[in-house]
Amino acid sequence: MFGLTKKTDYGLELMIALAKNFKQGPISLKKIAKEKKLPYKFLGQLASILRLMGLIEAKEGKGGGYFLTRPPRKISVAEVAGALEGPVEVSYCSGCPKVRICGQKDVWAEVGDKVRKIIEGKTLEDLIK
């Protein structure tokens, strides 16, 4: 029922690879795609989004690639997911015509709040340990 989209899953894999390489210089998307067995073109699309959101930067030319703009301990999982998908929320009830009379909505709102709080508290550093 709950899960990550490929966009967020692959985006986190990209960010984890960059976090592992933090302070060691840029790393190419081709290298990440090959090592993680991820689609290169899709990683390029994700890198563009993450760059626009200020989470990563690129260096062009020989020895170029991508790198984090901040230390891994300063980038939350929620920030990455939010950059790729928009606000993190459980949208089970969104668009439901019964939302005003439904007994489930409070439960799903609570689940959404807990998920958001957990991933706001987890950083890239937590994911590479």
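Which elements do the buried residues of α1 pack against? In this predicted model, the list runs to α2, α3, β1, β2, α4 and α6 (124–128). That makes α1 a handy place to start, but let's get the overall layout first.

The protein chain has 6 helices and 2 strands, and reading along the sequence gives the pattern α-α-α-β-β-α-α-α. The C-alpha trace spans about 60 × 25 × 25 Å along its principal axes. Of the 129 residues, 33% are buried. Take the contacts between residues at least 6 apart in sequence, and 64% of them join residues at least 24 apart. On the outside, the accessible surface comes to about 8,500 Å², with 54% of that belonging to carbon and sulfur atoms. As for charge, there are 24 positive and 14 negative side chains, and the centres of the two sets lie 6 Å apart.

Now back to α1, which covers residues 6–20. This helix has 15 residues and reaches 21 Å from its first C-alpha to its last, close to the 21 Å expected at 1.5 Å a residue. Its buried residues are Thr8, Tyr10, Gly11, Leu12, Leu14, Met15, Ile16, Ala17, Leu18 and Ala19. Two of those, Met15 and Leu18, also turn up when we look at the largest nonpolar core: among its 29 residues, Met15, Leu18, Leu43, Leu50, Ile56 and Val80 touch the most other members. At least two residues of this core come from each of α1, α2 (29–36), α3 (40–52), β1 (56–59), β2 (65–68) and α4 (77–85). The largest share, 7 residues, is supplied by α1. As a general backdrop, nonpolar side chains in soluble globular proteins tend to be buried together.

Leucine 18 is worth a closer look. Setting aside residues up to four places away in sequence, Leu18 touches Ile27, Ile32, Ile56, Tyr66, Phe67 and Leu68. One of these partners, Ile56, is itself among the core residues that touch the most other members.

Isoleucine 16, also in α1, takes us to the other end of the numbering. Ile16 counts as buried because its relative accessible area is 11%, under the 20% cut-off. Beyond residues up to four places away, Ile16 touches Leu127 and Ile128. Ile16 and Leu127 are 111 residues apart in sequence, yet their C-alpha atoms are 7.0 Å apart in space. That fits with α6 being on the list of elements that the buried residues of α1 pack against.

Just ahead of α6, have a look at threonine 123, in the loop between α5 (105–121) and α6. Is this loop residue buried or exposed? Thr123 is buried, because 13% relative accessibility falls under the 20% limit. Leaving aside neighbours within four places in sequence, its contacts are Pro72, Arg73, Ile75, Ser76 and Val77.

For a contrast, try serine 28, in the loop between α1 and α2. Ser28 has a relative accessible area of 29%, so this residue is partly exposed, sitting between the 20% and 50% cut-offs. Which residues does Ser28 touch, not counting those up to four places away in sequence? They are Gly64 and Gly65. The C-alpha atoms of Ser28 and Gly63 are separated by 8.3 Å, with their positions 35 residues apart along the chain.

Methods: Residues numbered from 1 in each chain as written. Predicted model: local features only at pLDDT ≥ 70, side-chain atom pairs only at ≥ 80, totals over all residues. Heavy atoms only, no water. Helix = DSSP H or I, 4+ residues; strand = E, 2+ residues; numbered from the N terminus. Buried < 20%, exposed > 50% of the residue type's maximum accessible area, 1.4 Å probe, protein only. Contact = heavy atoms within 4.5 Å. Core = buried A, V, L, I, M, F, W, Y, C linked by side-chain atoms within 4.5 Å. Areas by Shrake-Rupley, 256 points an atom, 1.4 Å probe, with all protein chains shown as cover. Lys, Arg positive; Asp, Glu negative; His and termini not counted. Charge placed at Lys NZ, Arg CZ, Asp CG, Glu CD. Expected span 1.5 Å × (residues − 1).
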